[in-house]
Amino acid sequence: MKLIPRDAPHIRHSDSNKTMMGDMILTLLPFYLIGVCFYGLRVVLLMLLSAAVCWLADLVCCLVRGRRFNVRDLSSLVTGLLIPLLMPATISYGVVVLACIFAIVVVKHPFGGIGENLFNPAAGGVAFAIACWPEKMFAYPNIFATIPLGGVSGVATVSSTAYTLKMGGVPGADLGDVLLGLTPGPVGAASILVVLACLLYLAYRRTVPLIQPVCFLAAAALMAFLFPRADIGRTYSVAYELMSGSLVFGGVFLLSDPVTSPKRFGARALYGLTAGVLVMVFRRFGGFEQGVTFAVLLMNAVSEEYDRLVQYLAARAERERRAPHETCEE
Amino acid sequence: MDMQPQERRGVYLQQYKEPALSREIRQFSNASAADAFIDLPVGRPLEETAPEDIIEVAREAKIVDERDGRRLYKKLLRAAFKEIKTVVVDALDDEPYVSSQLGPLLALRTEALEGLRAAMRATGAEKNYIVVYKNLSDVDVRVPTVIEGVPVERVGGKYPAESQIGRELGLHKPYVTLGVCSLIFLSRALKKGLVQQSTFVTVAGNCVANPTNLEVGLGMNLNQVLERCGLADNPTRVIIGGPMTGISVIDTEKTLISPTTRAVLAFKEDERDRHYHCIGCGKCINVCPQRLDPMLLYRFLSNRRLSQLPPLHAEKCVNCGTCSYICPSKLPLSTTISRYSETLRKEDEDHETDPA
Amino acid sequence: MKLARNRRLHRFLGKTEGIFGHNAVLIGGLALPFVIMTAVSLKNAAALTISMLFSVLFGVGAGVLTRKIPVWLRYVTVTVAAMMGVTLSRLVVQHLNPEIFDSIGFYLPMMAVNSIVLVYAVERTRFSTPGRSFGSALACTAGFALTACVVGAVRELLLTGTLWGNKVFNITFPAANTVFFGFILLGFLGAAVQEVRRGITLINLRADNPTTEDLLRQQEERLVD
């Protein structure tokens, strides 16, 4: 018999990188389905283009760096699928391509590539797109409007509820409509119920720790409760703030990237809370109506510090808790 | 002294202990092997045997504790010297497939209990426990709560449980842990004067046709053991020990059974090296029973940043393999860290003065 | 590896210290804000270079002349001299483009206290001859000029599609005059410069030490012939 020598342990958990990334991709596909229902097939073209560009950019960067390219590594596909979901359906293909290239070539690989990147590549790519083409990124088409597959200059665009809130006005959309995603907004970020369902699925599969998005949403809700932007009463303010724009979507998919978020339970809770506060600050005082990508990037920069803080506190508690005499074992 | 309960860490593993556990334990040794005897007076009742004689018998019978490979007489001597008051019998078997302590405990209870009483007398201890793994959901036999007056405590639930014994039982005073098979051999040595020439081994795995517990003669090679149980398929991996901490064998003809070979497992699976990179999911940190940080340790060790390692306390690693088990990138976390902690321990031993 | 070729490369890099050797801006990290914030067009870059040249000449001149006085006083004299240089340069710069002072803003007067002047005029003049001081400071200025012009040209092309005011093509990328774009561009340029140097060394190496694949290929070719 031909025996293969291997290191212990000889049994492994069934989860692997492929299943985790596969889960993320699986949960992103429903948004594209809804996008097709609302906006037509252009959304699918955006998805395919962005996924292909991300994958190719990843391949080229790996070759330039002299690294071995792992075909089973689906992380660039996750980035590719996330980017169009934060953009309007009428975004031009050039913007998507440049955002993907920026995400992979500038945000991911110079900092170390897969597993070592400091910032979330999807958040970086979308932030780059917002900074470069702000008018294009926040001009959303109406739901069920026919959008041609090619040039989209003829499609009428409106602003979203997030823009209305930023201007200090009262959003005119019905709350039920906003919940179900029937108001103009980014392709993926519209349907809040689907986002929450995906979050529960990911938490069940242990791909995403539940504490982080929950703390994030709680902190954002608290900030919206305490400091309502429009004159609509506190509870309505919470509802509108949470359901407009990509706040929930960003909190679930962008913030929970395993590479850039802290690893310990207490650190994750704190991270979610501060991220929620920061998002509301960006929404109120920032230059754009969408604050979640910038907040995510800023939090990514300091995520390691949360781990260190919690580790330091745990080590101190352990030292105080340790018994003066230890049971000795033979 | 009130110890605050800490959250138990580890993983729940599927225990495939059946059908090996329910089967009868057979003997398997070389036909030409004869029993060896010690030439000390044996066969006397326990009350008439002095503690030193018990320890002498253990020494002559060359009994080895299957938990850690140390001689039983040394452990008893040290326990007696330190005036240890509690003896814990280890029938834990917290790794999947392995039941080479639980099986003999249930099948040869009287011998085990006699050995326990002898050990109590030898060390002068007053309390005793038998520890058994709690996570035995798929086991067909019933594990009693008391065996001949000795309480059977259920420990653990999550793997690893070996290091949790003291904490779970709430033992404050020092205790000694003895493997149940060594106690069985001790009772045989005291009764009939037999030298330990066999050991209890579980033969299991998806390539083995009849998984069972065997009492195998020491020095038999793995080929014989596997043929005895029948190979249904050609295995790609043969392991001695448990699947979490066992060593993978290359040549089954030259690998021999020793007293610490708790199990022989033969698996057939096709696992290819995927070369994934660490994605920083942090599952290893949440699962380490010693509360270490395997992610940072592995990163620093891989990048040879040895100066950043001391605050991470790598010497606390018990080599349980849980971090490698849970890692979705299938990284060799446990091997890298435990290899480093072994070098640390060797350095400590070199620097320590020998207390003799 | 034949060291002669490598020695030639290193001699070249040593002679062009500040320009190609250790580029003052990309590798040395001196005078970064001017390149990142204001070098958004080629004319701006030219204006910056001219005022940098004047301030460096005046500053290093003052540094050479005042070698004997205490250091803290030297900082003052060098800065005053550099300010005179910057004021003189304004006369030259205004011929480039009348609106240039609006776009560069206060970075022009800030040239008087830029890091190249302060480092080379105050520190380096203490232990080297006047000729060497001037030489190294001018080399730094040349390095700054090169970087600023490249960055300015790229950003101008991306921003408005023009080069020195003449239209080249029609594509516009309005984000090119943001600060973060400047940072990223500078970062990639620095990396490219390092890669070029590594690439030259690697080519030198491979020319004399073929890899196993190269040898096998050569063997196959010889068999074919």
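These exercises walk through a predicted model, from one sheet in chain B out to the contacts between chains.

**Exercise 1.** Find the strand order of the six-stranded open sheet in chain B, and name its edge strands.

*Solution.*
Step 1. Read across the sheet of chain B: the order is E1-E8-E7-E11-E9-E10.
Step 2. Look for strands that pair on one side only. In chain B these are E1 (26–28) and E10 (247–249).
Step 3. Check the sense of pairing. The sheet is mixed.
Step 4. Add the twist. From one strand to the next, it averages 30°.

**Exercise 2.** Work out in which sense E7(B) pairs with E8(B), and in which sense with E11(B).

*Solution.*
Step 1. Take E7 (residues 198–204) and E8 (residues 212–217) of chain B. They pair in the antiparallel sense, over six bridges.
Step 2. Pick out one bridge. Val203(B) has Thr212(B) in E8(B) as its partner.
Step 3. Turn to E11(B). E7(B) pairs with E11(B) in the parallel sense, over three bridges.
Step 4. Pick out a residue pair here too. Ala204(B) stands opposite Leu265(B) in E11(B).

**Exercise 3.** Decide whether the residues of strand E11(B) are buried or exposed, and describe how E11(B) pairs with E9(B).

*Solution.*
Step 1. Locate E11 of chain B at residues 263–267.
Step 2. Apply the cut-off: a residue is buried if 20 or more other C-beta atoms lie within 10 Å of its own. Five of the five residues of E11(B) are buried.
Step 3. Sort the side chains by direction. Ala263(B), Leu265(B) and Phe267(B) point one way, while Val264(B) and Ala266(B) point the other way.
Step 4. Add the pairing with E9 (residues 237–240) of chain B. It is antiparallel, over four bridges. Here Arg237(B) stands opposite Phe267(B).

**Exercise 4.** Find the two domains of chain B and say how they touch.

*Solution.*
Step 1. Take the bounds from the domain assignment: domain 1 spans 13–271 and domain 2 spans 283–351.
Step 2. Find the spacing. The C-alpha centres of these domains of chain B lie 29 Å apart.
Step 3. Count the contacts. Five residues of domain 1 are in contact with seven residues of domain 2.
Step 4. Classify the domain 1 side: three nonpolar, two polar and no charged residues.

**Exercise 5.** Which pair of chains shares the most contacts?

*Solution.*
Step 1. Two pairs of chains are in contact, and chains A and B share the most contacts.
Step 2. Count both sides: 31 residues of chain A are in contact with 49 residues of chain B.
Step 3. Classify the chain A side: 13 nonpolar, seven polar and 11 charged.
Step 4. Rule out a pair. No contact joins chains B and C, and their closest C-alpha atoms lie 22 Å apart.

Conventions. Residues numbered from 1 in each chain as written. Chains lettered and ligands numbered in written order. Predicted model: local features only at pLDDT ≥ 70, side-chain atom pairs only at ≥ 80, totals over all residues. Pairing = 2+ DSSP bridges. Helix = DSSP H or I, 4+ residues; strand = E, 2+ residues; numbered from the N terminus. Axes fitted to C-alpha atoms, helices over the stretch in contact; angles between N-to-C directions. Buried ≥ 20, exposed ≤ 12 C-beta atoms within 10 Å, placed from the backbone. Nonpolar A, V, L, I, M, F, W, Y, C, P; charged D, E, K, R; others polar. Domains from an automatic or database assignment.
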